[in-house]
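Student: I would like a close look at the aromatic rings in this model, please. Take me through how they pair, and then through the parts of the chain around them.

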Amino acid sequence: MRRILAVLAALPILVTAVLVALARPAAAAVTPPQIYGAWHCGNDFCTWGTARTVAAFDAQNHWLVDRGDGRPSVNVVVLSFVDPGKLLNLTDDATTVAGVPRGMTPEIVGYFTGRGIRVMLSIGGITYTDAWNAALTSNAAQLGRNAAAVARRLGVGIEIDYEENTAPNLTGLQAFIDAYRAALPYDASGADPAARLTIDVAAGDRWLIALNRKATADWLRTDRPVLDYANAMVPSKQPSASAAIANWQEHIDGKPTYNPVVPPLAPAKFTGGLYVAQGSRPLPECTSYATSLQRSTGTFVQSAAPNGAGTTAGLLGYMFWAAERPATRGIGTVPPNTCEGGIGAGATAYQIPIPMPPLRQT
């Protein structure tokens, strides 16, 4: 009888505990980053115009393949940039062979791929916006076929970096993508590196609007994917953690008040961009993971919830601008300002998979 009375006496407490538990928000789903990579500008400020020996390249870039314990700091590098006009015309000149910069050699690609790091070539960049426009007008499909042929020959993926803000040639870009995909169909497994085709969009939804709208609506859908994913690029300068998160949230939310609207983008279909080299002093993103943005934004990047597109939480990961010499001014990431303590330590903290696994599709 005493036991029954004791249970009855405890019922209000138990009921209260259950109600509190039901009212408490569920813990946010956490998805560790699958992509942790760097754009790479070579030693001549993103031209890649001169072939280099592997030994000379390694002397400036060893931190990328060794975070200090023999493991790479990243699982993808994007060699930046290829001039789309030269690629269309398969140009041979002082800095280019068959449309590809002379520094983007099979040996440099193998330097990374031999260590499990995926390699991609970026076509475009802000310098080559007019070249993109001219190539898309001239023969967009042939440009797509040429890009696919280079990807297959070198065993690399291709990134579209078309930064036309006012009136992008979306018809031409569609023809480029169609031609590329006719040669190299979408591969959800990621097993064929040449089938990896991505696109760069702005840091948030308020620049490159027409390009972003088209990419989100037609090429980055989870139900019928065409491109593998997008990279939300860096803004004009290194953002605060809150500003970076606000930019990335714009992609997840879309812009329903715009006319026409920008639809929401699945978190599993894009990465967030941060600077690793900017200005005359090393950034924490390079040298100090403990005080870096990849650490302070990590909770968001791993748990950002879908808002109208996709089903799983979390962005695909991070991309960093940019390794070696991204600008004529500033220190870059060459010795003694290498990035084992920032990106390298982040790869350890996030247990970045190397090689990159099949990417989340939803």
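**Aromatic pairs and their surroundings**

Tutor: Happy to! There are 17 aromatic pairs here, if rings of Phe, Tyr and Trp (its six-membered ring) are paired when their centres lie within 6.5 Å, with planes under 30 degrees apart called stacked, over 60 edge-to-face and the rest tilted. The model is predicted, so local features need pLDDT of at least 70 and side-chain atom pairs count only at pLDDT 80 or more, while totals for chains, interfaces and linings use all residues. Residues are numbered from 1 along each chain as its sequence is written, and side-chain values use heavy atoms, with hydrogens and water left out.

Let's begin with Phe57 and Phe112, whose ring centres are 5.7 Å apart with the planes at 90 degrees, so this pair is edge-to-face. The two rings come from distant parts of the chain, 55 residues apart: Phe57 sits in helix H2 (residues 54–65) and Phe112 in helix H4 (residues 106–113). Helices here are DSSP runs of H or I with at least four residues, strands are E runs of at least two, and both are numbered from the N terminus. Phe57 has 0% relative accessibility and therefore counts as buried; the cut-offs are under 20% relative accessible area for buried, over 50% for exposed and partly exposed in between, with a 1.4 Å probe and protein chains only. Phe112, with a relative accessible area of 0%, is buried too.

A second edge-to-face pair is formed by Trp248 and Tyr318, at 6.3 Å centre to centre and 70 degrees between the planes. It also links distant parts of the chain, since Trp248 belongs to helix H8 (residues 241–253) and Tyr318 to strand E10 (residues 317–323), 70 residues apart. Trp248 counts as buried at 1% relative accessibility, and Tyr318 counts as buried at 0%. Both belong to a cluster that ring pairs build from Tyr36, Trp248, Tyr289, Phe300, Tyr318, Phe320 and Tyr350.

One ring has a charge for company: Arg115 lies over the face of Tyr111, 4.6 Å from the ring centre. To count, NZ of Lys or CZ of Arg must be within 6 Å of the ring centre and within 35 degrees of the ring normal.

Now for the nonpolar surroundings. The largest nonpolar core has 79 residues, and those touching the most other members are Phe112, Ile160, Leu173, Phe176, Ile199 and Trp248, so Phe112 and Trp248 from the two ring pairs turn up again. Helix H5 (residues 129–154) supplies the largest share of this core, 10 residues. A nonpolar core means a set of buried Ala, Val, Leu, Ile, Met, Phe, Trp, Tyr and Cys residues joined through side-chain atoms within 4.5 Å. Leaving out residues up to four places away in sequence, Leu173 touches Trp132, Leu136, Ile160, Tyr162, Ile199, Leu211 and Trp219, where a contact means heavy atoms within 4.5 Å. Another core lies apart from the largest one; it has 20 residues, including Ile35, Trp39, Phe81 and Tyr275.

Strand E10 rewards a second look. Besides Tyr318, it holds Ala322, which is joined to Trp321 by a cis peptide bond with omega of about -5 degrees. The buried residues of helix H12 pack against E10, and also against strand E1 (35–40), H2, helix H9 (284–287) and helix H10 (293–296). In H12 (residues 340–349), those buried residues are Gly342, Ile343, Gly344, Gly346 and Ala347. Just after H12, Gln351 has a positive phi of about 50 degrees.

Helix H8, home of Trp248, is followed by a loop leading to strand E9 (270–275), and Pro260 lies there. A cis peptide bond connects Asn259 and Pro260, with omega about 0 degrees.

Finally, the loop between E1 and H2 holds Cys46 and Trp48. Each is a residue other than glycine with a positive phi, near 80 degrees for Cys46 and near 55 degrees for Trp48. Cys46 counts as buried at 8% relative accessibility, as does Trp48 at 2%.
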